[in-house]
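Work through the exercises below with the coordinates open, and try each task before reading its solution.

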Amino acid sequence: MRRLSIILIISLLGWSGLQAQDKSNRGREFWLGYNFNYSFYWESPVNAQELAIYISTEQAATVTVSISNTGFIRVLNIPANTVDATITIPKQGPDDARILTDGLSNHGIHIVSDVPVAVYAHQYATMVSGATMLMPVETWGYSYYSINYYQTTSQSSPNDWYSWFNVVATEDNTRVEITPSDTTKNGWLPYQTYTVNLNKGEIYNVFGKAIFDGNPSHASKDMTGSKIISVPGADGNCHPVGVFSGSGGIRLCRGDGGEFVHQQVFPAQAWGTRYLTYHTINNTNTNITETNRNIYRVCVQDPTTIVKKNGVPMTGIIKNFYYEYMDSTGGDYIESDKPIQVAQYMTNKNQCWNFPTTTPAPLSYGDPEMFYISPIEQGQRSVLFYVSRKSSIDYVYANIHLPTAAVNSLLVDGAAVPSGQIIPHPHLPSYSVALVRFIGPATQHTITCDSAFTSTVYGLGNYESYGYNVGTLINNLNNYSAIRNTLNQTAVTDTFTCPKTPFRLFAKLAFPANSITWKLSQVPGLNPGVDSVQNNPVPLYTELINGRSYYTYTLQQDFSLPTAGTFYIPISYSAAVIQNCNQTEFASIKIVVKPGPRPDFIYQNLCFRDTVKLYGSQIGNSFILTNYLWTFHDGSTQTSPVAKKLYTTTGTFDVNFKVIADNGCVGDTTKQITLSTGTIPPLSISITGTPCIDSILQFRSSLTPDPNNAATWFWDFGDGQRATLSNNNTTTHVYLNPVTNITVKHLVTYTTGCSPDTVRQVIPFIYNNPTADFTWTGDTLCINKPIQFASTSTNIAAWNWSFSPGSGSQAPPFSYPFSSAGAHAVSLTIKDQHGCGSLPVTQTITIEPDPVIDAGPDQYISSGSSASLNAVITNPSNYTFLWTPSTYLSATDILDPVSTPDIRPVTYTITATDKNTHCKGSDNVIIVPVVKLFIPTGFTPNHDGINDTWNIPGLALYPNAVVTIYNRWGQKVFERKDYIQQPWDGVYQGTRQPSGTYVYFIHLNDPQQQVLKGTFNLIL
């Protein structure tokens, strides 16, 4: 026998389907008993077990724990987001709350909180443990079935190992009918019905018959299938009850240790039609694909229910109540056409097939446990739970079933689950199974997901194990509800309505109703609010919800609520198939009322006999408005966003403005307007600017801002664009399309006094902008060669050219030369006769460079001799050449012709023409024949451009000659070889020399070594 650790679960979010319910395992009031445990008498040391109460809360909570008909009471102040585990229930003395045998017990344990909490009961001894999640009173029902297990599978029958169930009353005058599925300890016979009366806090216990003589066939009867129904009590009313089932001690498999188990039973109304299972993991390495045998019982309320496991109908129903099977290959998908409940049993080490087990093989952990599975339709999106590590629990796992599409949103303690620990469900791939291991000390954990999920948590140890449902919704699935906004124009299902909005109510029932009572008077503000009873109502239609047929009923009238909030309309319905409470069940229709559209309007022209204009709008919400209704004091109405009303008298009048959104939500507002006989100021407008597309036009109102009377300027530009200004009478606008006779409307409204009527002004034309274009041509694209420019644009008033560099305003055609080579961006913008300007148009013209040619140095030759002209150019094969004049030349089309001139100097010019671009470049050279050496007798270096240097032309015949010049004091003032290239300019050491006679020596350095000597005059 092994001790069980507890998991605490808090449900945070509910499944958002059709139902208008949000009931879960979190609530404010709970009841339970100190359920029977064989350890009271037999487990050594006797009565060593404890019943602990764990209370988990998100909000700071004040919780009172008491025991009926005793003096026991404890008040707890529990901080937010914590678990209180300090309460243990008395097990001896005057406050002893233990249930010691079958029959009546009046020591019910009562738990009351000021805020919703989740509560768990854990009964444990050294080697025995069992725990249950408690269900709040608001989830209790009127019909239950006990789910237990065989007491004989262990092939033994220890003392006081009873299969049992009990009923807890929360109100006086509670009456139940109990139909046991087998013989009971107190002599009740199977399938006979017995009546029990209970008052608040009383518990009635039913034990299966047993003879503890060691013979397994005499073990306690399995009470699975026993039925408990609440019926009208002495006060004529039905009262909801809570039911618990379990065993004082049990073994699921031969050779296993004994365990105490107890579970609070789901009311029959909370059973579902779709369940996913996946076996518990029995390994130490978080291997989700490991096979492990679990036992399942699939229980039905109606033996004609069609139950399918993985699409195949199940057969072999036991006691007309349950199917049982053992799974060893993975999870199953169980579905039905009527409500079912699935119980999962975690086996011990030998898995009921490997007895006796050996150590260390097979390597396996755990001990048996039983827990109830939630149907898919009772799943939640968030749970907060507590993991205990008591009694050597080595491994704690959670199996999580969730939609495959939501896997990426699954978070455990805020972290994603590794992909290797998530697999598609073997028989429903649209869902997946995630396996999570929790490590570390006892603490709280969270599981969250964007979609509703179901989950079980279980712990494994060599001597311990436990398993538990992590938390669930406990809604009444026998009914769903819906609303429909009467004015809804969309195909979207309504999840809320709005104040003053007409809506219809719908009740979807799992069976044909004999009658429905709509308790409308119990909802303050509901209009109409008079109760309505429908006898033999006719359903509008039937529909399948989660595989189960539902009948839809309605009241053929509209309802509305005046304020926002959440409201519940109670209903009761009777049907032949309902076995409890005079064949009646109770439900409520949840109505969420959210703030609706917030209409508002402004108005102008509040003067007698002037048309009042009213402009509707919506404030601060996102409804899509589809309908409008103005209602005036005289009963007249208008149905457009903008209304016009002509009043015939002065005074104060009510105006109601109502809007309807596409989802049917309604909003309205009423304002009072006051009409006077004041003076209307004159209003006019002026428009300035060029009437062209993209030109900015300025619009000016004649009414300027008045600091003592705030105004609003409204402009309608006639092209669908409008402007509203609160502090400026001037605005601008740009027209994007050409148009004729466009009407501009303008009005001004004042905070007080009369406002002028709308004025209009017509703009005759908004012109299109002209399009600039030009073409160009040129004989050659060379420097300083004229390029001809032309354009097809007509009716142009102004031309603006940019030649890069250079600009111009000339009208084409014209020519323009470019003075430099390279790419020149030529841009043109134009303006037409209306002043409309074009966008710039740009073309690039590439001007080729002129060839660079050198004709060679000037030459002095002896009269009668020849000279070779030596012109130079890069890549000469790219060019053609022409020398001019051709006089005395040996050729005119080569770079180096020979010239033989007579006695006169000749200047030759060579022109190079690029064979590709036809651009030309030229240079010249002078050939000077020299007859004899002539030495001038003077020169005038006065910088007048005439005779400024002492030139000796014939000296060019003596290239090695050296000229030396002395002043009259014998000082050398000049000496140079190659004198012809730089004759003396009368300057010595930067100073102009004075007038006078100077002596020269010329060493010709010819073969005869001639030296010429003489004088010359420098004249300033």
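**Exercise 1.** Establish how many cavities of 30 Å³ or more there are, and describe the largest cavity.

*Solution.* In this predicted model, the count comes to five cavities of 30 Å³ or more. The largest cavity holds about 80 Å³ of space, and its lining includes Leu276, Tyr278, Gln344, His401 and Asn469. Strand S31 (residues 443-460) contributes the most to this lining, namely three residues. Sorted by class, the lining of the largest cavity consists of three nonpolar and nine polar residues, with no charged residues.

**Exercise 2.** Characterise the largest pocket by its volume, its lining and the classes of its residues.

*Solution.* The space in the largest pocket amounts to about 550 Å³. Its lining is made up of 25 residues, and those nearest the centre are Gln301, Pro339, Phe511, Arg548 and Val577. Two or more lining residues come from each of strand S10 (143-145), strand S23 (333-346) and strand S38 (548-554). By class, the lining of the largest pocket comprises 11 nonpolar, nine polar and five charged residues.

**Exercise 3.** Decide whether Gln264 is buried or exposed, and identify what surrounds it.

*Solution.* Begin with the position of Gln264, which belongs to strand S17 (residues 259-264). Because its relative accessibility is 2% and buried means under 20%, Gln264 counts as buried. Leaving aside residues up to four places away in sequence, Gln264 touches Thr132, Met133, Leu134, Met135, Trp140, Gly242, Val243, Phe244 and Tyr372. With Met135 there is also a polar approach, since a polar atom of the Gln264 side chain lies 2.8 Å from the backbone nitrogen of Met135.

Methods: Residues are numbered from 1 along each chain as its sequence is written. This is a predicted model: local features need pLDDT of at least 70, side-chain atom pairs count only at pLDDT 80 or more; totals for chains, interfaces and linings use all residues. Side-chain values use heavy atoms; hydrogens and water are left out. Helices (H or I, at least four residues) and strands (E, at least two) are DSSP runs, numbered from the N terminus. Buried means under 20% relative accessible area, exposed over 50%, partly exposed in between (1.4 Å probe, protein chains only). A polar contact is a pair of N or O atoms within 3.5 Å; within protein, one must be able to donate a hydrogen and the other to accept it, and residues adjacent in sequence count only if both atoms are side-chain atoms. Contact means heavy atoms within 4.5 Å. On a 1 Å grid over the protein atoms alone, a cavity is a set of points where a 1.4 Å probe fits but cannot get out, and a pocket is an open set with protein on both sides within 12 Å along at least five of seven lines; lining residues have an atom within 4 Å of a point. Grid points are joined across faces, edges and corners, and a volume is the space filled by probe spheres set on the points. Ala, Val, Leu, Ile, Met, Phe, Trp, Tyr, Cys and Pro count as nonpolar, Asp, Glu, Lys and Arg as charged, and the others, Gly among them, as polar.
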